[in-house]
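Open the model in your viewer and keep the selection panel at hand. Each stop below says what to pick and what is there.

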Amino acid sequence: MQHLTILGSTGSIGASTLDVVARHPARYRVLALAAQRRDDILFEQCARFLPRYAVLLDGDAADRLAQKVAAADLDVRVLSGADALEHVASLPEVDAVMAAIVGAAGLRPTLAAARAGKKILLANKETLVMAGRIFMEAARQHGATLLPIDSEHNAVFQALPRNYAGDLAASGVRRILLTASGGSFRNAPWSALREVTPEQACAHPNWVMGQKISVDSSTMMNKGLEVIEAHWLFNAPADAIEVVVHPQSVIHSLVQYVDGSVLAQLGNPDMRTPIAHALAYPERIEAGVEPLDLIKVATLNFEAPDFARFPCLALAYRALRAGGTAPTTLNAANEIAVAAFLDRKIPFLAIPQVIEQVLDALAVTPVDTLEDVLNADAVARAAACDRIRCASPSFTPLSPRQL
Ligand code: NAD
Ligand code: MG
């Protein structure tokens, strides 16, 4: 029996995780559920999974949840605040932590799980983008196990040798090929890109996801963040990570070996596959996913990414190559720009402009400690807010729309 903490349980990955877990009651027990402020969803999850702890970041929402839990006579301890997130990520009785909070907010609890030596099912890619060095060192030092949930990285993990130890050359790997759907606007005319609304940006052709990652997919920043994520997870230099546009999202990524072999992982686009893979690794369990029907798929297409249409992808490569605080800056500026776009304060095409201006404005400095990361994050957020306020004086960056 594995005991789980699910960070971000009310979100898209959280719900898919609980769906897989519910199929295997003899294998998994949920010990803690955590989210930001959706007490209605968290209460339903508490009633169904009876965790020992339920955490909401927001104090008022946690009070409402506690009242409902008491009225229903559930044996669930309700906690609130950022420290409580770290607490449930590092409980001694927890075996595995699903890290599925969105954005930089996931860093501290995910890092707490690494420092507690947990098995971490890592969906929160922003943790690796903003603090890759610190997080990987903490995981190594404390014996944490990292299993990628992002479908591309999960695919690469499956296509690499079983005991891959972070040396591409020693494993005969030439390159990692990350596939990208190309998002909703792959073929949209430029005139249409100027008018893109949050609703259009959030309607992904192949995947149903949270708002932030949906917008990131439509700008291709998601793929940029994933290039940086792959760098840290697989110790791969930028030149060994290539992006291939593959609109069907059936091949989730590939590994090219020096002998000419290319190994890929395929499947229907359903996050329950990588979640089930990571939960059960190295075994395999039923995930509730429709089996892939290759005859129905019929055609698999591939294209080079269009860096002019999607400057965010080039900005991410630039930040990865610059190193130090540059990826932290990229991530922070992107979070602010996406929140402003979702709040209809800036147009779609301004997202890469804000990020580029912030990258241009801030010097790259080395990252040795968590404080270095948090400082760079705060400075970049302020710089992005400054730029957005110029364009739109009413913007309040501290109120991004969340679930
Ligand atoms: P989502 O918006 O659907 O859910 C986010 C979750 O995080 C919610 O439970 C929310 O309450 C919680 N949260 C947000 N801010 C918080 C805070 N400050 N403190 C505590 N909890 C907070 O997002 P999602 O689509 O499930 O994505 C989650 C993470 O997984 C992201 O990092 C995303 O990049 C990654 N990911 C998602 C998918 C996908 O298919 N959805 C695929 C690959 C990777
Ligand atoms: Mg992905």
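How much area is buried between domain 2 and domain 3? About 1,300 Å², with carbon and sulfur atoms giving 77% of that area. Bear in mind throughout that this is a predicted model.

**Stop 1: the domains**

Colour the chain by its domain assignment. Select 2–148 for domain 1, 163–265 for domain 2 and 323–389 for domain 3. Now hide domain 1 and look at the other two. The C-alpha centres of domain 2 and domain 3 are 21 Å apart. Show the contacts between this pair: 19 residues of domain 2 meet 13 residues of domain 3. On the domain 2 side, pick Pro-198, Lys-212 and Met-221. These three lose the most area to domain 3, and together they make up 34% of what the domain 2 side buries.

**Stop 2: across the interface**

Select Glu-199 and Arg-344. They form a salt bridge, with the closest N and O atoms 2.5 Å apart. The count of salt bridges between domain 2 and domain 3 is one. Polar contacts across this interface come to two residue pairs, both at pLDDT 80 or more.

Next, turn on the cartoon for the domain 2 side. Four helices each supply at least two residues of the side that touches domain 3: H8 (190–194), H9 (198–202), H10 (211–219) and H11 (221–234). Which helix gives the largest share? H10 does, with six residues. Colour that side of domain 2 by residue class: eleven residues are nonpolar, four are polar and four are charged.

**Stop 3: the magnesium ion**

Centre on ligand 2, a magnesium ion. Show Asp-150, Glu-152 and Glu-226 as sticks. Asp-150 coordinates the ion through OD, while Glu-152 and Glu-226 do so through OE, at 2.1 to 2.2 Å. The sequence spacing of these donor residues reads D-x1-E-x73-E. Trace the backbone from Glu-152 in helix H7 (residues 151–159) to Glu-226 in helix H11. The pair links distant parts of the chain, 74 residues apart.

**Stop 4: a long-range salt bridge**

The structure holds 23 salt bridges. For one of them, select Asp-19 and Arg-272, whose closest N and O atoms are 3.1 Å apart. Why does this pair tie together distant parts of the sequence? Asp-19 lies in helix H1 (residues 12–22) and Arg-272 in helix H12 (residues 272–280), so the bridge joins parts 253 residues apart in sequence.

**Stop 5: two backbone details**

Move to Tyr-281 and Pro-282. The peptide bond joining them is cis, with omega about 5 degrees. Pro-282 sits in the loop between H12 and helix H13 (294–297).

Finish at Asp-73. Its phi is positive, about 60 degrees, although Asp-73 is not a glycine. To place Asp-73, show the loop between helix H3 (59–71) and strand E4 (77–80).

Methods
Residues are numbered from 1 along each chain as its sequence is written. Chains are lettered from A and ligands numbered from 1 in the order in which they are written. This is a predicted model: local features need pLDDT of at least 70, side-chain atom pairs count only at pLDDT 80 or more; totals for chains, interfaces and linings use all residues. Side-chain values use heavy atoms; hydrogens and water are left out. Domain bounds come from an automatic or database domain assignment. Contact means heavy atoms within 4.5 Å. Buried area is the accessible area (1.4 Å probe) that two parts lose on being put together, summed over both. A salt bridge is a side-chain nitrogen of Lys or Arg within 4 Å of a carboxyl oxygen of Asp or Glu. A polar contact is a pair of N or O atoms within 3.5 Å; within protein, one must be able to donate a hydrogen and the other to accept it, and residues adjacent in sequence count only if both atoms are side-chain atoms. Ala, Val, Leu, Ile, Met, Phe, Trp, Tyr, Cys and Pro count as nonpolar, Asp, Glu, Lys and Arg as charged, and the others, Gly among them, as polar. Donors are N, O and S atoms within 2.8 Å of the metal (3.2 Å for Na, K and Ca); water is not among the atoms, so sites may look incomplete.
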